[in-house]
Structure formats: structure tokens, C-alpha cells
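Grab a pencil and work through a few exercises with me. Try each one on your own before you read the solution.

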Amino acid sequence: MKQGDVNGDGIIDNVFLYGNKTDGIFADNITLIIQDGLSNQSTTVNFQNNAGYDARLFLGDFSKDNVEDILVSIDSGGSGGYGVFYIYSFKNNILHEMFDYEKYNKEYKFNVNYEDFYKVSVGNPQLDVLFTIDISHKGYDYLSQYYYDNGKLKQPIQGEVLAIGALYPIVTNVQSMGYDFLAFQRIIGTTNSDTLGYVENLMTWNGTQFTSSRLSVSIPGTRLISLF
């Protein structure tokens, strides 16, 4: 349960997540309940995907209208590390879905291809963006699976950018406490355990929808080997 003014009338409202806990932190039939602090009337929101682990609430002003919005996060569990994320506005007691993780996953798809000389390209033609990851540090046992000794690929190899796995609210306007959010997608090689990096997408509300204001790729660090 979280408390905040989510309808904009200046009175604190109650926001609940209900669900049936069957095993530890797993729950199904997860449902959002918004209780108007003035009238005590409740609004029920059902999710397309309503089961998972560690379901949680966050209230913050993503739309920059000085009214708190509602972020629902649910972990799917499993080795993929996927997440279920919804953001709602309830201004003037009108429910509006601002973000649906499934629509995001359909929009932000990437092609991951191993290239000659120990490089992996991560590209999105629709967004006209390309990133290149250097995997030369992976070691002989790994690289020899895919490359000849001269650095040429033995055959075409693809990796994958997984669905959104984490969503982190970020304060971008300290005075008004306005939020954007950072969406993370894991980049993998040929197996799920082979993490090559992360797509990091800073999403900002433009008045009608969330749009990407900064898209980047981060890579895990390796041990520093002195060259001197």
C-alpha cells in the first residue's frame, strides 16, 4: 500500500496491490485498487499479466503535471529476468494507462549479430541506431567456438536483446520531483547465461506518450591489465 494524491484534488489517496500469495513472494490474481481519499470510493484495475514475484508499487509524477502517477512492477521469475510494468495516471479520477511493458517490448526490438574480428553489433533499423560491442576479452575457449584464428566468423551467429527486465524511476526535475524512467534490456550471446551488455533507455513523457530521450548500451567491466 502507498499513499499519495493520485487524482489531483489535494487529498491523500490510498493505493493498494492485492493478490493471492501461494508461495513466499509469488502471487497471482494481482489487482490494483485506488481508493479516493475524499469519497472512499474505490477503482479496481485488472492486469493482462497478473502473476509473478515481489509485486510492488511506486507513486511519482511521470507526466509532469504535479499529480502523482502509479507504477506497478512485478518480477516474472525464471532465468530470463523479465519484468511486468504498468504506469497509470488517475488525474481527476480518470484512469489512463501511460505505459504497458508489452507495447514497449514490441517497439524496442534489436538485431544482435556477431561480426568478424570479435565484434557484436546491436542495431535497431526503426530507430536508426547501431552499437558495437568488443568481445575480444572473452578468451580463447569462448571465441574459438565462433571464430577462426584469423578473426573471421566460422558461420553467421546471432545473439538477442531480451524483453525489459528492470524499470527504474529517475528524478529529472528536483524542484517539481518530476520523474522519467530508465528501462533495462539484457543483451545476450548464444546462451542466456552469456550477458554481453545492457540496453539502457531513458524514457520521458511528452504529453501523450513515453518517448526515448537517451538510448545507450552499457557493458560489464573486465579485469584491468596494465599495459606498462
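The exercises below deal with charged pairs, a sheet and aromatic rings in this predicted model.

**Exercise 1.** Decide what kind of contact Lys 64 and Asp 180 make, and work out what it ties together.

*Solution.* Start with the distance: N to O comes out at 2.7 Å. The cut-off for a salt bridge is 4 Å, so this pair is a salt bridge. Next, place the partners. Lys 64 sits in the loop between strand S5 (52-60) and strand S6 (69-75), while Asp 180 belongs to strand S13 (residues 178-188). The pair therefore links parts that are 116 residues apart in sequence. Finally, check the surroundings: Lys 64 is partly exposed at 34% relative accessible area, whereas Asp 180 is buried at 5%.

**Exercise 2.** Take the pairs Glu 97 with Lys 103 and Asp 116 with Lys 152, and describe each one by distance and exposure.

*Solution.* For Glu 97 and Lys 103, the closest N and O atoms are 3.7 Å apart, and the pair forms a salt bridge. Glu 97 is partly exposed at 32%; Lys 103, at 55%, is exposed.

For Asp 116 and Lys 152, the closest N and O atoms are 3.5 Å apart, again in a salt bridge. Asp 116 lies in the loop between strand S9 (111-115) and strand S10 (119-124), and Lys 152 in the loop between helix H2 (140-143) and strand S12 (160-173), so parts 36 residues apart in sequence are tied together. Both ends are partly exposed: Asp 116 has a relative accessible area of 29% and Lys 152 one of 37%.

One more step: look for shared partners. Asp 54, Arg 56 and Asp 75 are joined into one network by salt bridges. The full count is seven salt bridges.

**Exercise 3.** Work out the strand order of the open four-stranded sheet and name its edges.

*Solution.* The order is S12-S13-S14-S15, with antiparallel pairing. The edges are S12 and strand S15 (210-218), since each pairs on one side only. From one strand to the next, the twist averages 20 degrees. Now zoom in on strand S14 (residues 195-205) and S15: eight bridges join this antiparallel couple. Met 203 stands opposite Ser 212 in S15.

**Exercise 4.** Classify two aromatic pairs, Phe 47 with Tyr 86 and Trp 205 with Phe 210.

*Solution.* There are 22 aromatic pairs to choose from. In the case of Phe 47 and Tyr 86, the ring centres are 5.1 Å apart and the planes meet at 10 degrees, so call this pair stacked. Phe 47 is in the loop between strand S4 (42-46) and S5, and Tyr 86 is in strand S7 (residues 83-89), so the pair ties together parts 39 residues apart in sequence. Both Phe 47 and Tyr 86 are buried.

Trp 205 and Phe 210 are 5.0 Å centre to centre with 70 degrees between the planes, which makes them edge-to-face. Trp 205 is buried at 12% relative accessible area, and Phe 210 is buried at 9%. Both rings also belong to one aromatic cluster, whose members include Phe 58, Tyr 104 and Phe 181.

**Exercise 5.** Which residue lies over the face of Tyr 142, and at what distance from the ring centre?

*Solution.* Look for Lys 138: it lies over the face of that ring, 4.9 Å from the centre.

Notes
Residues are numbered from 1 along each chain as its sequence is written. This is a predicted model: local features need pLDDT of at least 70, side-chain atom pairs count only at pLDDT 80 or more; totals for chains, interfaces and linings use all residues. Side-chain values use heavy atoms; hydrogens and water are left out. A salt bridge is a side-chain nitrogen of Lys or Arg within 4 Å of a carboxyl oxygen of Asp or Glu. Helices (H or I, at least four residues) and strands (E, at least two) are DSSP runs, numbered from the N terminus. Buried means under 20% relative accessible area, exposed over 50%, partly exposed in between (1.4 Å probe, protein chains only). Two strands pair if DSSP finds at least two bridges between them. Axes are lines fitted to C-alpha atoms, for helices over the stretch in contact, and angles run from 0 to 180 degrees between N-to-C directions. Rings of Phe, Tyr and Trp (its six-membered ring) pair if their centres lie within 6.5 Å; planes under 30 degrees apart count as stacked, over 60 as edge-to-face and the rest as tilted. A charge sits over a ring if NZ of Lys or CZ of Arg is within 6 Å of the ring centre and within 35 degrees of the ring normal.
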